[in-house]
Protein chains: 2
Amino acid sequence: MITDHLKKKFLEIVGTENYDDSKVGCLVYSYDATPQFQSLPDAVIAPRNAKEIADIVKLCNEHQIPIVPRGSGTNLCAGTCPTEGGLVLLFKHMNRILEIDEENLTVTVQPGVITLDLIDAVEAKGLFYPPDPSSMKISTIGGNINENSGGLRGLKYGVTRDYVMGLEIVLANGDTIRTGGKLTKDVAGYDLTRLFVGSEGTLGIVTEATLKVIPMPETKQTILALYQDIEAAARSVSKIIASKVIPTTLEFLDQPTLQVVEDFAKIGLPTNVQAVLIIEQDGPKEVVKRDIRKIAEVCTAEHAVSVQVAESEEHAMALRTARRSALSALARLKPTTILEDATVPRSEIARMVNAINEIAVKYNVKICTFGHAGDGNLHPTCPTDSRDHDEIERVEKAFAEIFEKAIELGGTITGEHGVGVMKAPYLELKLGKEGIAAMKAVKSAFDPTNIMNPGKIFAKESRKRVVVTK
Amino acid sequence: MITDHLKKKFLEIVGTENYDDSKVGCLVYSYDATPQFQSLPDAVIAPRNAKEIADIVKLCNEHQIPIVPRGSGTNLCAGTCPTEGGLVLLFKHMNRILEIDEENLTVTVQPGVITLDLIDAVEAKGLFYPPDPSSMKISTIGGNINENSGGLRGLKYGVTRDYVMGLEIVLANGDTIRTGGKLTKDVAGYDLTRLFVGSEGTLGIVTEATLKVIPMPETKQTILALYQDIEAAARSVSKIIASKVIPTTLEFLDQPTLQVVEDFAKIGLPTNVQAVLIIEQDGPKEVVKRDIRKIAEVCTAEHAVSVQVAESEEHAMALRTARRSALSALARLKPTTILEDATVPRSEIARMVNAINEIAVKYNVKICTFGHAGDGNLHPTCPTDSRDHDEIERVEKAFAEIFEKAIELGGTITGEHGVGVMKAPYLELKLGKEGIAAMKAVKSAFDPTNIMNPGKIFAKESRKRVVVTK
């Protein structure tokens, strides 16, 4: 609880205009993009710099006030839902790109920078920041780092983790540390940089980041392959990679998703096929041309009913936009949309897609599947209604079975969305008791009083996955 | 101390043939490739599988016996010197490549596999494992993982960390955990995989690893640029990258190194220039050709006195081999060779090389500098004699100043060799007290009884860097 005395101290740190404990102010930050989770914070605070954050953290540590660092709240695991109250900490004043260093190929940013703003800023200099979560128009870099966000281009270029070179972090004890730097190679002690990437705000607060950028690929091309057989589509994915071509993106949409996306985007996508692959390659012109030809050959050999190269950048852009709008399109169907990201080795995609369809039938729920097939990172999505308790229970059971299947196939419960509150009950499936114990030891080492985004990653024993709380 | 009772238990686990506490057996493992460090273990043990390792660790934890996991002992930071006695744990029975998975582009190995054997095995299937530490002919993958080894190709392809996808680890409490998997994307909890990479055996024992491989580049070409001006060479490095070309390797040798290497390798390297850059590019033929032309243009514009493309693969191989033999060649000069790897952002290379030369003059010691200029990862190397206490003291002071300079330029005390015992006293320069405290908290979380390679990474207060112990 935040006493009047403590509130006064917070006000002294950030000023009255940057502290809000009004009912309406708190309500706005009581939830994030994850359906079914809501909980009021005690206050919302917007520090102006790392020093203020350190001062806030020291107070919170002393008084055991939870801190939930929050970018734009676009995460899909209830990672920024203040389930245990406390302070929601905003980065709206810390949203500057501090430096683009063209010699060292780095960009240094504050956590509040919008992902797309960063991408645009470096592209203006002929540089490329590959991680492209679907939420990139509104997500922040700080959020991306805390969730280790992926995106469509992860197949060829990796995820946020692969681009974080150094961090400034305020720890739970109020210490400020710097990890890494503008260094391709650095083995001075443990790799705290990558430990913090994807730690969901549970170990400390990232206050600055130095990110790697790479030269902008010269050109890109997009190809659309249509299938009447889902397994043939899935097989194409493995065959493309096994033929030693790594496309930038290799996206999969099943028929139900296709239908919904076309209704939404109206770009002339075929809706009478069972599955499509949208495949993009970038790089030097000669290489892109050759790779696209190889990809087309593989798709044809795997019985695609149509293989079509986008004839213009506008057409390619329309395809990309259609794919990126899958979640928004699906969200129009029903009041509640539950999107998951069970992930398997890419060789297991066909088996996984089949299993998802069987599970949907078994529990009589509608599940549309799309996702980053090249990564094995699928997004089975269920349009449902949280007021329909009977259906929600079946959805719950269906997803539990999907997670189990993913693990059985050598996969994971979450490829890029994070654990948060939502997937915490399933983490043991992937890690075992021993793995959870090891991670809890790390958490206690950094945050013995458990003020840093408490209630995330590690499940309370009895918690069920989807709970209609309020 | 290992009592007779405890010894009996170890023998029961591994069999008499895999336990050696003879004086001569222990002597062999009392040192590694690092000069000036030697300390006898109590015994040498060679388990045959992860289960045996878990059993050994449980006993060690109970009786507080240090364990030093050791591959081929090629590290240069005394990381595998058993400074506190205990068991040296060998992986000679755990040296199999378990699987090459061409669909998922992974290879799964036991820790004792020799790096070059792995590289050769995947290349036979048209796949590529880029990390190439200079010791790769004898180093093991387990050692590479524990030290996060780099190599020449780090500039374009990254280091060992970037290729480790999953690990099996025995923890200090005897638990066996699995991290990651054949998954491009996995955010199920903290990134323990990368935390263990580069942890120098201080957090647990890696018993299996799943590594990423990529398609083999089609072709490669090598270029040799000669300079009479070290700064011009250093400037070329930055300019090449800033021109949006990322070569596979971008190696630097100064005149003294050049002289020594040519005496050793006799391949007709010029010895009358101040510096050379050996630059390699790989990839599709058209791209390599174009990049090599661009690189040549930059070098010429930066006043290279000669720019020469290797006319055959044999010539290129000779250049690569010459570069790889730099340490062996330098080691012939004097009884003791101290090789460091202070690393700076690549934009600071000219300043760093100049600083090294000034420091060498100041302390009247010979320092030859070569290294991975594209990474900013330099290897200032001092041929000296550990029996000459006066000179060793000056060498000591010179390297201390080199580390300080690297940090001042935004660099680090070690780019790829690790901290071990040797650089522990300097770690605080890079991390600060707060950073060290955070890392110590991680160490305590995983290894509360401090049995895992104790005495490494974290310095004892009073320790000096170079101590002639025995």
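In the UniProt record, an unreviewed entry, residues 37–216 of chain A are listed as "domain: FAD-binding PCMH-type". What does the chain look like over that stretch, in helix and strand? In this predicted model, residues 37–216 of chain A come out as 22% helix and 26% strand. The C-alpha atoms at the two ends of the stretch lie 39 Å apart.

Now for how the two chains sit together. A turn of 180°, with a shift of 0.0 Å along the axis, lays chain A on chain B with an RMSD of 0.0 Å. The two copies are thus related as by a two-fold rotation axis. The contact itself draws on 80 residues from chain A and 80 residues from chain B. Of the interface residues of chain A, 100% are also interface residues in chain B, so the copies meet through the same surface.

How much area do chain A and chain B bury between them? It's common to describe an interface by the accessible area lost when the parts come together. Here chain A and chain B bury about 6,400 Å², with 59% of it on carbon and sulfur atoms. A trio stands out on the chain A side: A:Lys185, A:Val187 and A:Tyr190 supply 16% of the area that chain A buries against chain B, more than any other three residues.

Next come the polar links. Between chain A and chain B, 32 residue pairs are in polar contact, counting pairs with both residues at pLDDT 80 or more. Several elements of chain A each bring at least two residues to the side that touches chain B: β9 (176–180), α7 (192–196), α8 (230–242), α10 (285–301) and α15 (427–446). Helix α15(A) gives the most to that side, with 12 residues. Sorted by class, the side of chain A that touches chain B holds 32 nonpolar, 26 polar and 22 charged residues.

What about the charged ones? Side chains of opposite charge can pair when their charged atoms come close. The salt-bridge count over all chains is 74, and 12 salt bridges run across the interface of chain A and chain B. In one of them, A:Glu286 pairs with B:Arg290, and the closest N and O atoms are 2.8 Å apart. Swap the chain letters and there's a salt bridge between A:Arg290 and B:Glu286, also listed at 2.8 Å from N to O. This pair crosses between chains, going from helix α10 of chain A, which holds A:Arg290, to helix α10 (residues 285–301) of chain B, which holds B:Glu286.

How values were computed:
Residues numbered from 1 in each chain as written. Chains lettered and ligands numbered in written order. Predicted model: local features only at pLDDT ≥ 70, side-chain atom pairs only at ≥ 80, totals over all residues. Heavy atoms only, no water. Least-squares fit on C-alpha atoms with pLDDT ≥ 70 in both. Contact = heavy atoms within 4.5 Å. Buried area = accessible area lost by both parts, 1.4 Å probe. Salt bridge = Lys/Arg side-chain N within 4 Å of Asp/Glu carboxyl O. Polar contact = N/O pair within 3.5 Å; in protein donor to acceptor, adjacent residues only side chain to side chain. Helix = DSSP H or I, 4+ residues; strand = E, 2+ residues; numbered from the N terminus. Nonpolar A, V, L, I, M, F, W, Y, C, P; charged D, E, K, R; others polar. UniProt positions renumbered as here; feature names shortened; annotations may be inferred.
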